[in-house]
Amino acid sequence: MGRLVAIEGLDGAGKNTLTRAVTARLTGRGLTVAALAFPRYGTQFADLAAEALRGGNGDVAESVYGMGLLFAFDRQAAAPDIRAALAAHDVVLLDRYVASSAAYSAARLGEAADGAVATWVRELEFGRFGLPVPDLQVYLDVPTSLAAERARSREAADAARERDAYERDGDLQARTGAVYTGLAAAAWVSPWRVHGVDDAPELLADAIAALS
């Protein structure tokens with residue numbers, strides 16, 4: 001059975017770039033790696049959530065718990081794929097996972113990492129839905145200003161990458177970063193590792209390879 005690693009961080013933090021670099025390092029060491037990204041745009045629940053964050057689907061986006069359910073249903077639908085990937089590969093890397101809902105939901109409600117909504121997310125997704133628990137969760141700790149600039153640049157370079165309501169809200173991003181820091185410090189659900197903006201991807205790859 002493979003090791004499940006979730007890479008978390010703000011919009012524009014560089015999660016996809018880090019995932020690619022870590023994948024290259026791990027495969028260079030002879031390990032097989034699969035990578036999945038959430039939300040899974042192009043599928044039912046992820047697209048409903050994306051539409052809501054761009055003003056569609058009535059007042060769905062106003063509900064923190066409603067949005068949390070859409071993202072949770074997306075991950076629940078992907079659970080068989082995650083389990084199949086774990087059975088077939090040494091490492092499965094997830095670009096965002098359950099902690100993203102805990103962080104963003106808590107930030108929207110002004111709660112900390114140990115608040116009610118983070119508990120609800122954990123009990124819903126890992127408890128009720130039985131999603132696979134990560135062996136390691138990684139917080140890509142990037143300054144909010146840098147993450148925002150990257151998100152703006154990405155939008156300018158690709159019309160299909162228009163920022164949604166969460167990405168445009170700088171205060172929300174800052175609060176979300178604080179919640180992520182709290183989740184990592186509390187080892188929410190499973191062990192965490194904080195990866196700084198100047199840390200080499202090889203350090204994370206080697207730590208993942210060393211997981212038992």
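Let me start with helix 9, residues 201-209, where the buried residues are Leu 204, Ala 205, Ile 208 and Ala 209. Looking down the axis of helix 9, you find these buried residues within an arc of 140°, so they line one face of the helix. For the first-years, the background is this: an α-helix has 3.6 residues a turn, so residues three or four places apart point the same way. I should say now that this is a predicted model.

What do the buried residues of helix 9 pack against? There are four strands on the list: strand 1 (3-8), strand 3 (91-95), strand 4 (136-141) and strand 5 (192-196). Helix 1 (15-28) is on the list as well.

Next, a pair of helices. Helix 2 covers residues 44-53 and helix 3 covers residues 64-88. Their axes come within 8 Å and cross at roughly 150°. An angle over 145 degrees counts as roughly antiparallel, and therefore helix 2 and helix 3 are roughly antiparallel to each other. The crossing of helix 2 past helix 3 is left-handed.

Which residues meet there? On the helix 2 side they are Phe 45, Ala 46, Leu 48, Ala 49, Ala 52 and Leu 53. On the helix 3 side they are Met 67, Leu 70, Phe 71, Phe 73 and Asp 74. Sorted by class, this contact has 10 nonpolar residues, no polar ones and one charged.

Now the backbone, beginning with a proline. Pro 39 sits in the loop between strand 2 (33-37) and helix 2. The peptide bond leading into Pro 39 from Phe 38 is cis, and its omega is near -5°.

Two other loop residues have a positive phi without being glycine. One is Asn 57, in the loop between helix 2 and helix 3, with phi near 60°. The other is Arg 96, in the loop between strand 3 and helix 4 (98-109), with phi near 80°.

Are these two residues buried or partly exposed? Asn 57 has a relative accessible area of 34%, so Asn 57 is partly exposed. Arg 96 has a relative accessible area of 12%. The cut-off for buried is under 20%, so Arg 96 is buried.

To recap: the buried residues of helix 9 line one face, helix 2 and helix 3 are roughly antiparallel, and the bond from Phe 38 to Pro 39 is cis. That is my part done.

Methods. Residues are numbered from 1 along each chain as its sequence is written. This is a predicted model: local features need pLDDT of at least 70, side-chain atom pairs count only at pLDDT 80 or more; totals for chains, interfaces and linings use all residues. Side-chain values use heavy atoms; hydrogens and water are left out. Buried means under 20% relative accessible area, exposed over 50%, partly exposed in between (1.4 Å probe, protein chains only). Helices (H or I, at least four residues) and strands (E, at least two) are DSSP runs, numbered from the N terminus. The arc is that of the directions from the helix axis to the C-beta atoms. Contact means heavy atoms within 4.5 Å. Axes are lines fitted to C-alpha atoms, for helices over the stretch in contact, and angles run from 0 to 180 degrees between N-to-C directions. Angles under 35 degrees count as roughly parallel, over 145 as roughly antiparallel, 65 to 115 as roughly perpendicular and the rest as oblique. A crossing is left-handed if the near helix is turned anticlockwise from the far one by less than a right angle, and right-handed if clockwise. Ala, Val, Leu, Ile, Met, Phe, Trp, Tyr, Cys and Pro count as nonpolar, Asp, Glu, Lys and Arg as charged, and the others, Gly among them, as polar.
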